[in-house]
Amino acid sequence: MTLFPEMITNALGTSIIGRAMEHGLIGLHAVNIRDYTLDKHKRVDDYPYGGGAGMVMQAQPICDCYQAIREEISKKQGRKARSPRVIYLTPQGQVFHQKMAEELAQEEELIFLCGHYEGIDERALELIVTDHVSIGDYVLTGGEMPAMIMIDAISRLVPGVLNNKESAEFESFQDNLLEYPQYTRPEEYEGKRVPEVLLSGHHAKIEAWRREQSILRTKERRPDLLSQAKLSEKEQEWLKRWEDVDFVL
Ligand code: 9D3
């Protein structure tokens, strides 16, 4: 639900998500809230009661838009569907994270409500919204890009959307460690050589090196994640020896 539906369809249509839509793995409908206004000038906002700067989006177009979407879902499912979760994108929401994406990927239907500049009449939020979500502590101009980010993160978890199953499973955030560095041909570029161990063909050594790199890289770049990573006793001992080293990578 948005005032700028083409923003969503244009951006997501050309991505991996677009391919998944063509294959019928997911469906995406960007619904224009303005299509549900009863105002003869097609207005969807008005001045705030109590005064103040800016405009406020009215409850009626949003709630009617929501009811129309519910009707479509019922038609598709051939029965009265249970109420889908309605996610309102707002800087005041819970901050989006991978666990939330995994949980939302289990849902059959999701509705995203995007605001823009102005706020939304609180009564519309009280009537239809089930989740308030932000994508982080920085200020954007609207909820469309946050919705797209959520849709992308959730859709790639739907079976079949990614090519190989592994890519969804062995993940940066799965075990709270960052990925190891990767190299391809040539062996030397601008005087910089590929780490010798990767050319050795010694698979156990390569695996051990990659694990080390993941741990060191996480310590350097995302120390906040390291505290939640599952490291073996041996790895924790080994890591202690790097404790006083400031610049490794
Ligand atoms: C300062 C009062 N508000 C302006 C009327 C704050 C405000 C509301 C809405 C500022 C920006 C926005 C537009 N942003 C979003 O709708 C939004 C958002 C964001 O800005 N950052 C992170 N996550 C999100 S989710 C939706």
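These legends walk through a few close-up views of one predicted model. In this predicted model, local features need pLDDT of at least 70 and side-chain atom pairs count only at pLDDT 80 or more, while totals for chains, interfaces and linings use all residues. Residues are numbered from 1 along each chain as its sequence is written, and side-chain values use heavy atoms, with hydrogens and water left out.

**View 1. Here is the largest pocket, with a volume of about 970 Å³.** On a 1 Å grid over the protein atoms alone, a pocket is an open set of points where a 1.4 Å probe fits, with protein on both sides within 12 Å along at least five of seven lines. Grid points are joined across faces, edges and corners, and the volume is the space filled by probe spheres set on them. The lining (residues with an atom within 4 Å of a point) has 31 residues, and G27, L28, H29, E109 and L110 lie nearest the centre. Two or more lining residues come from each of α3 (59-77), β4 (110-114) and α6 (144-155); helices (H or I, at least four residues) and strands (E, at least two) are DSSP runs, numbered from the N terminus. Helix α3 gives the largest share, 5 residues. Sorted by class, the lining has 21 nonpolar, 5 polar and 5 charged residues. Nonpolar here means Ala, Val, Leu, Ile, Met, Phe, Trp, Tyr, Cys and Pro; charged means Asp, Glu, Lys and Arg; the others, Gly among them, are polar.

**View 2. Now for the ligand and the residues around it.** There are 15 of these residues (each with a heavy atom within 4 Å of the ligand), and Y117, I135, G136, Y138 and L140 come nearest. Look for the polar contacts, pairs of N or O atoms within 3.5 Å. A backbone N or O atom of Y138 sits 2.8 Å from a ligand nitrogen, and one of I135 is 3.0 Å from a ligand nitrogen. At L140, a polar backbone atom is 2.9 Å from a ligand oxygen. On its own the ligand exposes 570 Å², and the protein buries 66% of that (Shrake-Rupley areas, 1.4 Å probe). Strands β3 (85-95) and β6 (131-134) each give two or more residues to this shell, with β3 giving the most, 3 residues. The shell's classes come out as 9 nonpolar, 6 polar and no charged residues.

**View 3. Three strands make an open sheet, in the order β1-β2-β5.** The pairing (at least two DSSP bridges between strands) is mixed. Strands β1 (45-46) and β5 (119-120) are the edges, each pairing on one side only. Strand β2 (residues 56-57) runs parallel to β5, joined by 2 bridges, and M57 stands opposite I120 in β5.

**View 4. Last comes the loop between α7 (165-169) and β7 (188-189), home to P186.** A cis peptide bond links R185 to P186, with omega about 5°. The loop between α7 and β7 also holds N176, whose phi is near 60°, a positive value in a residue other than glycine.

How values were computed:
A polar contact is a pair of N or O atoms within 3.5 Å; within protein, one must be able to donate a hydrogen and the other to accept it, and residues adjacent in sequence count only if both atoms are side-chain atoms.
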